[in-house]
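Me: I'm new to this structure and would like a close look at one part of it: the empty spaces inside and along the protein. Could you walk me through them and the residues around them?

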Amino acid sequence: MTSSSLTAPVVALDPLFDEAGAAAVLDLCTRHGSYRTYAAREHIDTELGRGLAQRHDSMRNFLRLADERDRGESTRVLTARTSYFREEYAYDGTPLVPGIEPFLGHAGLADAARAVHGRPIVAPSIAYANLLVPGQELAVHTDVPEFRGANRKSVPQWLLVVMHHSGLFDEWRLPIATGIAWFQRSEGGALLYWPDGPIAPGRTHPIRPNTALVLDTDSVFHGVASVGSVATEDLPPIATGVTLTAAGADTWSLRDATGAELATYAWDELRFSVSWKAYCLRDEAERHAWQHHTDDLDYDTIVGRLLEDLRARGRVSGEVDQDRTLGLRLIDEYIRFPRD
């Protein structure tokens with residue numbers, strides 16, 4: 001059902017599948033076998049913000065909160081807490097793993113997407129899994145948006161997030177609805193989200209098997225509460241190169257880049273979710289502009305419009321170096337994280 005009291009519409013699906021359909025998704029996760037950390041995926045760098053992490057915005061906020069809470073955690077622990085595991089099951093509307101088709105083409109998710117964005121054309125594009133081990137969490141963030149001519153394959157992710165939060169590129173934005181689905185119980189790992197905006201109180205959504213929540217995660221800040229009851233200092237050293245691999249009917253193995261085993265987990269210790277993403281379009285003319293690139297942004301236009309707005313706000317003047325410092329200034333100027 002949709003809650004009309006929310007600033008950003010949120011639609012819950014319960015149940016998502018019948019019992020056999022839900023079990024098939026769990027089986028698919030195991031069949032896929034091995035999962036890399038999110039940080040091991042694509043990396044785009046530009047002169048603007050040279051050297052910034054792909055999600056420097058959320059990482060910076062996470063480290064700020066960690067410092068404010070003064071828990072004395074080392075860089076190793078902070079990295080391990082947020083180095084969760086991800087793999088794609090479908091991309092650009094094409095299944096990559098056999099068996100994902102019923103999820104990618106789920107009619108209920110498509111109807112929910114129409115309710116979220118109020119647009120009749122829904123084009124499912126991506127399905128991916130997130131896996132977190134005990135002690136991990138997902139830092140508060142908004143997802144990486146897309147624009148005609150600008151996506152994560154061509155523009156740094158932090159810059160795409162800045163573009164959306166700035167509101168300067170709405171005419172090129174491709175609204176995306178995200179369905180987050182759960183298929184097992186886990187200790188902790190609730191979804192935290194701010195549908196009324198970052199200055200309003202956040203909400204907590206406990207996860208239940210075979211359910212989903214559909215919302216605009218490009219606009220709604222969200223994160224995942226800590227999984228399990230493991231003390232963070234007891235987390236194995238999880239960083240780029242570490243994989244989480246199915247090692248039997250109910251066992252998962254955490255391995256470093258050499259293949260050495262760091263830890264083992266039972267299925268019910270993990271937090272497993274599958275996310276569904278679909279483009280939501282007004283009409284065929286909008287679809288045509290997107291697919292045929294008749295009204296695309298280019299990099300120079302993006303940077304030029306952002307600099308023009310910074311000058312209008314009195315934040316910069318004269319010639320401005322397009323460097324790391326400017327990247328950090330853009331993040332600080334446009335992205336306002338929740339405080340609670």
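Reply: Here is a walk through the pockets and the cavity, with a stop at two residues.

A word on the model before we start. It is a predicted one, where local features need pLDDT of at least 70 and side-chain atom pairs count only at pLDDT 80 or more, while totals for chains, interfaces and linings use all residues. Residues are numbered from 1 along each chain as its sequence is written, and side-chain values use heavy atoms, with hydrogens and water left out. The chain averages a pLDDT (the predictor's confidence in each residue, from 0 to 100) of 94, and 98% of the residues score at least 70. Residues 1-6 fall below 50, and beyond near neighbours in sequence that stretch has 13 contacts (heavy atoms within 4.5 Å) in the model. Where pLDDT is low, the predicted coordinates should not be read in detail.

Now the spaces. On a 1 Å grid over the protein atoms alone, a cavity is a set of points where a 1.4 Å probe fits but cannot get out; a pocket is an open set with protein on both sides within 12 Å along at least five of seven lines, and lining residues have an atom within 4 Å of a point. Points are joined across faces, edges and corners, and a volume is the space filled by probe spheres set on them.

The largest pocket holds about 970 Å³. It has 41 lining residues, with Tyr38, Ala39, Arg55, Ser58 and Tyr84 closest to its centre. Among the elements giving two or more residues to this lining are helix 2 (56-69), strand 5 (121-132), strand 6 (138-141) and strand 15 (271-281); helices (H or I, at least four residues) and strands (E, at least two) are DSSP runs, numbered from the N terminus. By class, the lining has 19 nonpolar, 12 polar and 10 charged residues. Here Ala, Val, Leu, Ile, Met, Phe, Trp, Tyr, Cys and Pro count as nonpolar, Asp, Glu, Lys and Arg as charged, and the others, Gly among them, as polar.

The second largest pocket has a volume of about 310 Å³. Of its 20 lining residues, Leu65, Arg69, Glu137, Val140 and Leu192 lie nearest the centre. Helix 2, strand 6 and strand 11 (222-224) each give two or more residues to this lining, and helix 2 has the largest share, five.

What about enclosed space? One cavity of 30 Å³ or more turns up in a search of the whole structure, and the largest cavity takes up about 140 Å³. Asn130, Leu138, Ile180, His222 and Ser275 are the closest to its centre, out of 15 lining residues. Strand 15 gives the most to this lining, three residues. The classes split into five nonpolar, seven polar and three charged.

Next, two single residues. Ala139 sits in strand 6 and is buried (under 20% relative accessible area; exposed is over 50%, partly exposed in between, with a 1.4 Å probe and protein chains only), at 14%. Leaving aside neighbours within four places in sequence, Ala139 is in contact with Ser58, Phe62, His222 and Gly223.

Arg173 is in the loop between helix 6 (157-166) and strand 7 (176-182). Arg173 counts as buried because its relative accessibility is 13%. Its side chain makes a polar contact with that of Asp216, at 3.2 Å. Such a contact is a pair of N or O atoms within 3.5 Å; within protein, one must be able to donate a hydrogen and the other to accept it, and residues adjacent in sequence count only if both atoms are side-chain atoms.
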